[in-house]
Amino acid sequence: MTMLAPQEQTLSEDVIVRLAETALSDIARVRKSVGRVIFGQESVVEQTVIAILAGGHALLVGVPGLAKTKLVDTLGIAMGLDARRIQFTPDLMPSDIIGTEVLDQDENGRRSFRYVRGPVFAQLLMADEINRASPRTQSALLQAMQEYHVTVAGERYDLPAPFHVLATQNPLEQEGTYPLPEAQLDRFLMQVDVHYPDLASERRILLESGGEDDHAEPVLTAVRLREIQALVRRMPVPESVVDAILSLVRSARPGSGHEEADTHIAWGPGPRASQSLMTCVRARALYEGRLAPSIDDVLALAEPILQHRMALNFAARAEGMSVRDVIATLKRGVA
């Protein structure tokens with residue numbers, strides 16, 4: 001392995017710092033642009049933007065009317081992405097998402113098949129109420145999320161880059177839905193819980209919505225976003241943060257020797273959770289204007305990254321516990 005000379009190492013670090021400082025400015029402008037439209041959902045905006053900066057997908061869970069669709073539209077404008085929306089329904093077919101082949105006939109009467117691309121060919125895709133579609137249709141989208149391409153009639157078609165899916169779920173209505181299997185949930189970088197706004201924010205929504213300033217401004221381009229995403233993966237992470245990530249994720253697995261996990265958890269997160277935390281703490285540091293992540297970033301992102309990758313056992317559910325309660329206990333062991 002070729003080692004860099006000390007001067008080259010210093011130069012490389014300086015370049016990363018310069019690139020990070022420029023990214024900090026761009027991300028701050030994105031926050032300001034989105035903040036002109038979305039009120040009272042600061043943590044939701046933060047976690048969603050972090051998921052995109054980290055190059056992943058997010059599952060937004062919340063009741064109707066909490067501006068989830070507006071958030072996706074606003075992020076598409078601010079980040080310069082081609083945004084589209086699919087409303088999932090029980091009769092939605094995989095071809096409605098990835099596209100299909102149609103039979104064409106030219107002027108000489110010759111017939112041939114032509115591929116018509118579906119709405120999945122977008123840079124920012126909102127999958128609205130993803131759990132209302134059948135498992136077959138869910139799998140078509142979730143495979144595209146994992147592989148970043150679709151295959152139709154044996155031909156491979158690459159998706160646009162970057163490609164991000166923000167899927168929504170309604171936690172209230174479960175009749176006639178198809179819950180996502182755990183293996184498919186794991187493909188989402190985060191589960192973002194969307195709560196009701198506080199009083200001051202809802203008052204602002206009433207007074208300011210529909211005004212002249214109620215729109216986002218383009219800040220980034222798709223090319224610039226990919227540059228920032230590449231930078232996120234190159235940012236150094238302190239050894240103490242790496243240890244905190246390993247300690248937290250491993251303590252969430254039954255059989256690890258942690259009393260809380262052994263008592264209440266049926267199955268816990270795998271290494272993908274550690275990788276997700278490793279990337280997202282870097283993105284959160286940039287989002288908050290810092291050049292290096294800290295243990296506070298690990299604690300702040302523990303719930304959105306771990307909660308959909310864990311399941312409680314029968315005893316814990318009988319006691320009325322939730323996954324969030326268990327994660328809160330595990331976080332105290334890291335802090």
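Let's start at S134, a residue in the loop that runs between β5 and α5 (135-147). With a relative accessibility of 19%, S134 counts as buried, because the cut-off for that label is under 20%. Setting aside residues up to four places away in sequence, S134 touches L92 and Y178. Keep in mind as you look around that this is a predicted model.

How far can you trust the prediction? The chain has a mean pLDDT of 87, and 94% of its residues reach 70 or more. The start of the chain is another matter: over residues 1-11 the pLDDT is below 50, and beyond near neighbours in sequence this stretch has one contact in the model. Where pLDDT is low, the predicted coordinates shouldn't be read in detail.

Now back to β5, the strand that comes before the S134 loop. It belongs to an open sheet of five strands, which run in the order β2-β5-β8-β1-β9 with parallel pairing. At the edges sit β2 (83-87) and β9 (190-193), each pairing on one side only. On average, neighbouring strands in this sheet are turned by 20 degrees against each other, direction ignored. Zoom in on β2 and β5 (residues 124-128), and you'll find them paired in the parallel sense over five bridges. There, R85 stands opposite M126 in β5.

Step back along the chain from β2 and you come to helix α3 (residues 68-78), whose buried residues are K68, L71, V72, T74, L75, G76 and A78. Just after α3, G80 takes a positive phi of about 70 degrees.

Going the other way, past S134 and through α5, you enter the loop between α5 and β6, where Y148 lies. Phi of Y148 is near 60 degrees, which is a positive value in a residue other than glycine. That's worth a second look, since most residues other than glycine have a negative phi, and most peptide bonds are trans. At 34% relative accessibility, Y148 counts as partly exposed.

Next comes a hairpin made of β6 and β7, with two residues between the strands. Strand β6 (residues 149-152) and strand β7 (residues 155-158) pair in the antiparallel sense over four bridges, and V150 stands opposite Y157 in β7. In the turn, A153 has a positive phi of about 55 degrees although it is not a glycine. A153 counts as exposed because its relative accessibility is 57%, and the cut-off is over 50%.

After the hairpin, look in the loop between β7 and β8 (164-169) for P162. A cis peptide bond joins A161 and P162, with omega at about 0 degrees.

Many of the elements so far fall within a stretch that carries a UniProt annotation. The record, an unreviewed entry, places the feature "domain: ATPase AAA-3" at residues 57-190. This span is 24% helix and 32% strand, and its end C-alpha atoms lie 7 Å apart.

Further along is helix α7 (residues 199-208), which includes R204. R204 is partly exposed, with a relative accessible area of 34%. Its C-alpha atom is separated by 7.4 Å from that of F39, although the two residues are 165 apart along the chain.

UniProt also lists residues 261-328, again from an unreviewed entry, as "domain: ChlI/MoxR AAA lid". Here the chain is 65% helix and 7% strand, with the end C-alpha atoms 12 Å apart.

What about the inside? In soluble globular proteins, nonpolar side chains tend to be buried together. In this model the largest nonpolar core has 75 residues, of which M190, L306 and M310 touch the most other members. Helix α11 (residues 271-287) gives the largest share of this core, eight residues. Apart from it lies another core, of 29 residues, with I98, A144, A167 and L185 among them. To see how M310 is surrounded, leave aside its neighbours within four places in sequence: M310 is in contact with A252, I265, W267, G268, P269, V323, V326, I327 and L330.

Note on methods: Residues are numbered from 1 along each chain as its sequence is written. This is a predicted model: local features need pLDDT of at least 70, side-chain atom pairs count only at pLDDT 80 or more; totals for chains, interfaces and linings use all residues. Side-chain values use heavy atoms; hydrogens and water are left out. A nonpolar core is a set of buried Ala, Val, Leu, Ile, Met, Phe, Trp, Tyr and Cys residues joined through side-chain atoms within 4.5 Å. Buried means under 20% relative accessible area, exposed over 50%, partly exposed in between (1.4 Å probe, protein chains only). Contact means heavy atoms within 4.5 Å. pLDDT is the predictor's confidence in each residue, from 0 to 100. UniProt positions are given in the numbering used here, feature names are shortened, and annotations may be inferred rather than shown by experiment. Two strands pair if DSSP finds at least two bridges between them. Axes are lines fitted to C-alpha atoms, for helices over the stretch in contact, and angles run from 0 to 180 degrees between N-to-C directions.
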